[in-house]
Amino acid sequence: MQELEDMDIALLLQPWRSISFGSSKFLAKVCFSNTGYALLISDLSGVWHEEVDTGIVEGRSKDLNKRLKAPVCSFLKHLSELLQPLLLGGQTDHGSASFSCHRNDSQLTIHVKSELSGLPFYWDFHCGEASGSLVSRHLLQPLMKMCLALERQSQELGALLLQKDLEIQDYRESGAMLSRSRLETEMFDEKCFLERFLCKSLPEVCSGGNGMAFTGSLQHLYTAVLSQEVKHQLSGDENRGVGSSPLQEEHVEERGLQTSSDALPPVPAIQGSGEVTSIAPVCAPSRSQNASLSVCKAKRKKAKGLFG
């Protein structure tokens, strides 16, 4: 039971990534452990899910690979190595590997053909229709929170622009002049900006694709939102007297979940082995690095040529 909870947290903290099987395009997230994996995949018209343990991996591998004998962890590591490059936007490192998929009623099956130790290797991901609660937790709730976060960000940026306009106006009233007229900008008007955005930029965004482009910055924001949820979840367990497992605590530490609410966690990346996959932290700058950056910024010469 504890292992399933750990797998659930590991999958939750994975960002959605674009992946293609032939002409079929999906958004997917996956995590592997030494004993199983969890996969969530969507084409934006449906969402499918599969979670397997050691027993299912052993049984399926015997049915599909009668000549191939290997530990469960070897099969799982190989599957992770096959999927990782695809989820990162490249080609699989195993040149002989091929993927195909088809739907049957409410099930999505992904067929994998590859080689392991010089022998043919086959695998099928049997993904059933995801429950409403699973879709809500991994997709709807995070996206709503991301919208609120982006709205807050826009408000703060608008306030910053207005403050900058007041600063520039003060320079002008003091007699400062632009040395290059092409740098001159109009005073920021939030209402006009929103009207231009809705008329010009929004149609370009909506016609730019089918929604499968979950960009790096959105992946980062998604992970930040879910990291906050995991923090609250673990804090709630502690307040109720339910102790979190060492693996859950390790999730929090590895993902850089800080006590400050504005700390952004690292972007997860899938790996092939480990207790529970999957997430290789891209560490934020340390305090010493931040100090050196601050020193560098302080030594930078004041820009010339903007104002006389």
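Me: What makes the space of about 60 Å³ the volume of a cavity?
Reply: In this predicted model, the largest cavity holds about 60 Å³. A cavity is a set of points, on a 1 Å grid over the protein atoms alone, where a 1.4 Å probe fits but cannot get out. Its volume is the space filled by probe spheres set on the points, which are joined across faces, edges and corners.

Me: Which residues line the largest cavity?
Reply: Lining residues have an atom within 4 Å of a point. I19, F21, A28, V30, L39, I41, L83, L87, I110 and F125 do so for the largest cavity. At least two lining residues come from each of β1 (17-21), β2 (24-32), β3 (37-42) and α3 (72-87).

Me: Why is the lining of the largest cavity called nonpolar?
Reply: Ala, Val, Leu, Ile, Met, Phe, Trp, Tyr, Cys and Pro count as nonpolar, Asp, Glu, Lys and Arg as charged, and the others, Gly among them, as polar. The lining of the largest cavity has 10 nonpolar, no polar and no charged residues.

Me: What makes up the lining of the second largest cavity, by class?
Reply: This cavity, of about 40 Å³, is lined by D165, I168, Q169, R172, T185, E186 and M187. They divide into 2 nonpolar, 2 polar and 3 charged residues.

Me: How many cavities of 30 Å³ or more does the whole structure have?
Reply: The search finds 3.

Me: On what basis are residues numbered and features accepted?
Reply: Numbering runs from 1 along each chain as its sequence is written. Local features need pLDDT of at least 70, side-chain atom pairs count only at pLDDT 80 or more, and totals for chains, interfaces and linings use all residues, while side-chain values use heavy atoms, leaving out hydrogens and water.

Note on methods: 1 Å grid on protein atoms, 1.4 Å probe; cavity = no way out; pocket = protein on both sides within 12 Å on 5 of 7 lines; lining within 4 Å. Helix = DSSP H or I, 4+ residues; strand = E, 2+ residues; numbered from the N terminus.
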